[in-house]
Each structure stands twice: as C-alpha cells, then as structure tokens.
Amino acid sequence: MDDNHLGEFLRARRAHLRPQDVNMASHGVRRVAGLRREEVAVLAGVNADYYTRLEQGRERHPSPQVLDALSRALLLDRDARAHLHRLAGVSPDGQGSLHASEHVSPALRQLMGSYPHTPAFVMSRTLDLLAANALADALYAPFTPADNLARMTFIDPAGRQFYQDWDRAAQAAVANLRQASGFDPEHPRLRQLVDRLTEHSAEFRRLWAQHTVRGKTQDAKELLHPDVGPLSLTYQSFDVRDAPGQQLVIYHAEPGSPSGQALALLGSLYADGSRNPSRSAGQ
C-alpha cells in the first residue's frame, strides 16, 4: 500500500465529482474524470498549490478547519468526513489500534446465547467474525469457513448465491474496510486481508480504488440459504464499549413473515446437531 493515504482518498473522491454536481461551470477539455484540483481548492477556499501538496503527500497536517472545508467541497457524508479526519490524524476516535482485542467477553457471549430466535455475532473492524450464537452459525453454514465477511463475499463460492444482491453486499463490505483503514492503514491484519482480496478478485480491486467509506449501522439483507430458501432480514449493529473496534450485529425477521418462519426452521434444522455449521464462531 502507498503510505499517502490522505492524498489517495482526496484524489479518489475528487474523481467521483463532476462540475455540475457542485454547481460549477465546466471549461475546456477534461483529460481525466472528476473535478480539477484547482476547482476543489476554490470550493474549499484554500490555496491551489496547498491542495496539490495535500494530494501529493508533501503536506500531511491540514487543520481541522481545512478538513471541514474539503469535506464540504467534496460532498462527503458523515462517515467519509470522519474517515478524512482520521487519515489526517486529527480525529480523537482515530487514535489507537485498528481493533484492540479479538477476545469476546464471556458476558457478551452469554448475551448472544440468550437470543435463540435471532442471529447475533461479534465482528472486528476488518469484518472478522469473532463470536456468534447458534442461529448465526446456522445462517452462515454455507461458507467454508465462516471467518470474515469480506472474504466470504468475494472469494468463497457460496457468496454469489448467498447474497441475492451481491453487488450491494460487495460494495458494503469494501466501504466497511475503507472505514477500518482510517483507524490504522498499515495494520498487519488489514494489509493481509486487502492483499488477499486484491489478488483473488477483480471486483474487489475496482471497488477498493473508489475509496468509498461507510460504517455498519443498520440495513436490509436479502439472503438465500440452501436449507430454507430466501430470507429478508434487517440488522442493527452496536459498538462494544469495553472492546473498542468490536461490533455486535443482530439480525431480525418480521414476526410471522415467510422470512421469520424460515429463520425458525433454520434454527430447528441445526438444533439437534444433524447439520453442523462449518464454523462455530461462538467457541
């Protein structure tokens, strides 16, 4: 990875904007996609040479005020704005390790186990599955192993069938990893994972180059499980306060819906041990 992470991000986000997106007139022939550096500088109210130095990595310590101005100029949302601040080293929540611990507390494991009718799991910022309850193990049983959501999406053959809207799942996984990179771009686990995905997936390489950033909060998932068929689920994610970098994710099906019935069936199929999930993340 290039160590000019701030400059890479600025270039990528600039390339995604057109003059009409920011109410600017377009003049002359554009040799590359997106806004020109000078246009971003004007929008942000900074010197064009200073902005160029930021992109080239010759200036790496912009003030919070400059970062806020660049965020507005590049139309960054909340996640992308926080990511920009972390890359510049001025965000309080950006300090420290990418994920402080892979150990999931016994109390949290017990809590997940108390939810027998809904899948629940704990993951790291790099989307490693650290622990799961029985129904989450059953949900991810098609994967061998169920170890990392990004690897499962891009490399495991089951991913294309399991995620009915695979493109959306792929975009979300990459955007989540980009957010993780803001906390520690050179973390060994992140580098290892990105290198592996880059080697094995052209789709991952294309999406990674876009520098889209998004955190995991809540969303809908359309899944296809080989044992019970389609599942329309929603999820909520929660930061684990005593283990920075960990998130608890809980899936939910509308009570009485076909997906709710399918989820109940899935739990019963794996309850007696006749079907064994490929990996028990909760052990």
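This is a short walk through the helices and cores of a predicted model, one selection at a time.

Before you click, note that residues are numbered from 1 along each chain as its sequence is written, and that side-chain values use heavy atoms, with hydrogens and water left out. Because the model is predicted, local features need pLDDT of at least 70 and side-chain atom pairs count only at pLDDT 80 or more, while totals for chains, interfaces and linings use all residues.

**Stop 1: helix α1**

Select residues 5-15, which form helix α1. Helices here are DSSP runs (H or I, at least four residues), numbered from the N terminus. Eight of the 11 residues of α1 are buried, so the helix is largely enclosed by the rest of the structure; buried means under 20% relative accessible area, exposed over 50%, and partly exposed in between (1.4 Å probe, protein chains only). Colour the buried ones: His-5, Leu-6, Gly-7, Phe-9, Leu-10, Ala-12, Arg-13 and Arg-14. They pack against α2 (37-44), α3, α4 (64-73) and α5.

**Stop 2: α1 against α3**

Now add helix α3, residues 48-56. The axes of α1 and α3 come within 6 Å and cross at roughly 115 degrees. That makes α1 roughly perpendicular to α3. Axes are lines fitted to C-alpha atoms, for helices over the stretch in contact, and angles run from 0 to 180 degrees between N-to-C directions; under 35 degrees counts as roughly parallel, over 145 as roughly antiparallel, 65 to 115 as roughly perpendicular and the rest as oblique. Show side chains for Leu-6, Gly-7, Leu-10, Arg-11 and Arg-14 in α1, which meet Tyr-51, Leu-54, Glu-55 and Gln-56 in α3. Contact means heavy atoms within 4.5 Å.

**Stop 3: α1 against α5**

Keep α1 and bring in α5, residues 78-87. α1 and α5 pack at an angle of about 150 degrees, with their axes 9 Å apart. That makes α1 roughly antiparallel to α5. Pick out His-5, Leu-6, Phe-9 and Leu-10 of α1, with Ala-80, His-83, Leu-84 and Leu-87 of α5, which make the contact.

**Stop 4: α5 against α10**

Stay on α5 and add helix α10, residues 166-183. Their axes come within 8 Å and cross at roughly 30 degrees, so α5 and α10 are roughly parallel to each other. Look for Asp-79, His-83, Arg-86 and Leu-87 in α5, which meet Arg-178, Gln-179, Ser-181, Gly-182 and Phe-183 in α10.

**Stop 5: the cores**

Which residues have the most contacts inside the largest nonpolar core? Select Phe-121, Tyr-140, Leu-149, Phe-154 and Tyr-163, in a core of 46 residues. α10 gives the most to this core, with six residues. A second, separate core of 25 residues includes Leu-6, Leu-35, Leu-67 and Leu-70. A nonpolar core is a set of buried Ala, Val, Leu, Ile, Met, Phe, Trp, Tyr and Cys residues joined through side-chain atoms within 4.5 Å.

Zoom in on Phe-154: leaving aside its neighbours within four places in sequence, Phe-154 is in contact with Trp-166, Ala-170, Ala-173, Val-174, Leu-197, Ser-201, Glu-203, Phe-204 and Leu-207.

**Last stop: Gln-20**

Finish at Gln-20, in the loop between α1 and α2. Is Gln-20 buried or partly exposed? Gln-20 is partly exposed, with a relative accessible area of 49%. Draw a C-alpha to C-alpha distance from Gln-20 to Gly-7: the two are 13 residues apart in sequence and 23 Å apart in space.

Key. Helices (H or I, at least four residues) and strands (E, at least two) are DSSP runs, numbered from the N terminus.
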